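Open your viewer and keep the selection panel handy. We will go from the whole chain down to a few side chains.

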Amino acid sequence: MNANLRDLVLSIFFAIVLGIVASAALLLFLGKNPIEAYTLLATSVVRDGYTFADIFVKATPLILTGLAFALPFKASLFNIGAQGQFYMGALAASAVS
């Protein structure tokens with residue numbers, strides 16, 4: 001495995017683990033059991049096909065908004081209107097439908 005690829009995989013892995021640990025600490029601070037919360041999260045996603053598909057329905061506009069920011073950023077341009085573009089696109093789609 002290439003050293004750069006290994007470093008990328010390790011940094012992503014540690015970022016995910018750190019996020020899970022930090023959210024568990026916040027859940028403990030709120031007096032909730034993190035194991036129960038994570039179990040409920042994992043089981044509610046695969047409960048039925050509608051719930052699983054609904055995640056993609058809600059995530060798609062956010063992913064596309066992120067791409068609308070990421071592509072110009074990689075080209076050394078700045079796009080500070082991603083949130084407004086998202087709202088205007090939603091308004092236009094509602095008007096058309």
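Start with a cartoon view: the chain has 4 helices and 0 strands, and following the sequence gives you the pattern α-α-α-α. Bear in mind that this is a predicted model.

Next, colour by pLDDT. The mean for the chain is 88, and 99% of the residues reach 70 or more. Which elements have the highest and the lowest mean pLDDT? Select residues 3-29 for the highest, helix H1 with a mean of 94. Then select residues 49-74 for the lowest, helix H3 with a mean of 85.

Now zoom out and look at the overall dimensions. Along the principal axes, the C-alpha atoms fill a box of roughly 45 × 40 × 30 Å. The radius of gyration of the chain is 19 Å, whereas a compact globule of 97 residues would have one near 13 Å.

Switch on the surface. The chain exposes about 8,200 Å², and 76% of that comes from carbon and sulfur atoms. Of its 97 residues, 6% count as buried. If you colour by charge, look for 5 positive and 4 negative side chains; the centres of these two sets lie 6 Å apart.

Time for the rings. Show the aromatic side chains: there are 5 aromatic pairs to find. Begin with Phe 52 and Phe 56, whose ring centres are 5.3 Å apart. Are their planes stacked or edge-to-face? The planes meet at 80 degrees, and a pair over 60 degrees counts as edge-to-face, so that is what this one is. Both residues belong to helix H3, and because they are 4 residues apart, about one helical turn separates them. Select Phe 52 on its own and you have a partly exposed residue, with 41% relative accessibility.

Stay in helix H3 and move on to Phe 69 and Phe 73, which are also 4 residues apart, about one helical turn. Here the aromatic pair is stacked, with 5.9 Å from centre to centre and 15 degrees between the planes. How accessible is each partner? Phe 69 is partly exposed at 37% relative accessibility, and Phe 73 is partly exposed at 46%.

For the last stop, add Phe 78 to the selection. Which residues do the ring pairs link into a cluster with Phe 78? They are Phe 69 and Phe 73, the two rings you have just visited.

Methods:
Residues numbered from 1 in each chain as written. Heavy atoms only, no water. pLDDT = per-residue confidence, 0-100. Helix = DSSP H or I, 4+ residues; strand = E, 2+ residues; numbered from the N terminus. Rg over C-alpha atoms; globule rule 2.2 N^0.38 Å. Buried < 20%, exposed > 50% of the residue type's maximum accessible area, 1.4 Å probe, protein only. Areas by Shrake-Rupley, 256 points an atom, 1.4 Å probe, with all protein chains shown as cover. Lys, Arg positive; Asp, Glu negative; His and termini not counted. Charge placed at Lys NZ, Arg CZ, Asp CG, Glu CD. Phe/Tyr/Trp six-rings, centres within 6.5 Å; stacked < 30°, edge-to-face > 60°.
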